[in-house]
Amino acid sequence: MFTDDAATTWYMIFLSVLSMGLALSTLGLVHRWGQQVPRWVPLLGGRPIPARPVVLVALIGGSLLVAICAYFFLNSRFHFVERGWVGIGQDGPALPAPGWDVLRYYAPLVAWGPLVVAVAADYRRRVALVRSPAP
């Protein structure tokens, strides 16, 4: 389990900041500020953000989320990997599997991967339209 040492505290802070940063970075795929570095950023302000790496990272991230959700769904259905109690010692309490009262809050996360993939494809299309010369 978790301890109260400083390393665990910093690790949890790091995970929180990382997950929030990744979640907020997906907003750049749908907002205009995701196409150009803000002017207030020193040395880079006003420069266009290259679309290829942005789309590539978003597609990889969305695909990984789809794969993780598919794995958990298929594993819960077909039991590729057996789940067992992972406790400390022989006297650990056996807890029941969470029911729909808990899982309903996590169900919308299944849509996150396909939505990121769709938004990345739309971002690529929008950036190509904006940056292509008019006839």
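This is a transcript of a short group-meeting talk about one predicted protein model.

Hi everyone, thanks for coming. Please keep in mind throughout that the structure on the screen is a predicted model.

Let me start with the overall layout. The protein chain has four helices and zero strands. If you read along the sequence, the pattern is simply α-α-α-α. The chain has 135 residues, and 14% of them count as buried. Its accessible surface comes to about 11300 Å², with 72% of that belonging to carbon and sulfur atoms. For those of you who like contact maps, take the contacts between residues at least 6 apart in sequence: 61% of them join residues at least 24 apart.

Now, the core. Which residues make up the largest nonpolar core? There are eight in all: Leu29, Ala51, Val55, Ala58, Val116, Ala120, Tyr123 and Val127. Two elements, H2 and H4, give two or more residues to this core. The largest share comes from H4, with four residues. As general background, nonpolar side chains in soluble globular proteins tend to be buried together.

One member of that core, Tyr123, is worth clicking on. Setting aside neighbours within four places in sequence, Tyr123 is in contact with Gly28, Leu29, Gly34, Gln35, Ile49, Ala51, Val54 and Val55. Three of those names may sound familiar, as Leu29, Ala51 and Val55 also belong to the core.

Next, a pocket. I've picked the second largest pocket, which has a volume of about 630 Å³. Its lining consists of 24 residues, and the ones nearest the centre are Leu22, Ala23, Ser25, Thr26 and Val57. Where does the lining come from? Helix H1, spanning 6-25, helix H2, spanning 51-78, and helix H4, spanning 112-131, each supply at least two residues. H2 gives the largest share, eight residues. And for anyone already thinking about electrostatics, the lining divides into 16 nonpolar residues, eight polar and no charged.

Let's stay with Val57 for a moment, since it is one of the residues nearest the pocket centre. Val57 lies in helix H2. Is Val57 buried or exposed? Its relative accessible area is 58%, so Val57 counts as exposed, the cut-off for that being over 50%. Across from it in the sequence, 63 residues away, is Ala120, and the two C-alpha atoms are separated by 9.0 Å. Ala120, you'll recall, is part of the largest nonpolar core.

Further along H2 we come to Val66. With a relative accessible area of 37%, Val66 is partly exposed. Beyond its neighbours within four places in sequence, Val66 is in contact with Gly113 and Pro114. There is also a C-alpha separation of 9.7 Å between Val66 and Val116, which are 50 residues apart along the chain.

Asn75 is found in helix H2 too. Why does Asn75 count as buried? Because its relative accessible area is 9%, and buried means under 20%. Again leaving out neighbours within four places in sequence, Asn75 is in contact with Phe80 and Val81.

Let me finish with two loop residues. Ala111 sits in the loop between helix H3, which covers 100-106, and H4. At 35% relative accessibility, Ala111 counts as partly exposed. Its C-alpha is 9.2 Å from that of Cys69, although Ala111 and Cys69 are 42 residues apart in sequence.

The other loop residue is Leu43, between H1 and H2. If you run a backbone check, look at this one: Leu43 has a positive phi of about 70° although it is not a glycine. Leu43 is also exposed, at 80% relative accessibility.

To recap: we have four helices and zero strands, a largest nonpolar core of eight residues with its largest share from H4, and a second largest pocket whose lining takes its largest share from H2. Thanks, and I'm happy to go back to any of the residues on the screen.

Terms used:
Residues numbered from 1 in each chain as written. Heavy atoms only, no water. 1 Å grid on protein atoms, 1.4 Å probe; cavity = no way out; pocket = protein on both sides within 12 Å on 5 of 7 lines; lining within 4 Å. Points joined across faces, edges and corners; volume = space filled by probe spheres on them. Nonpolar A, V, L, I, M, F, W, Y, C, P; charged D, E, K, R; others polar. Buried < 20%, exposed > 50% of the residue type's maximum accessible area, 1.4 Å probe, protein only. Contact = heavy atoms within 4.5 Å. Areas by Shrake-Rupley, 256 points an atom, 1.4 Å probe, with all protein chains shown as cover. Core = buried A, V, L, I, M, F, W, Y, C linked by side-chain atoms within 4.5 Å.
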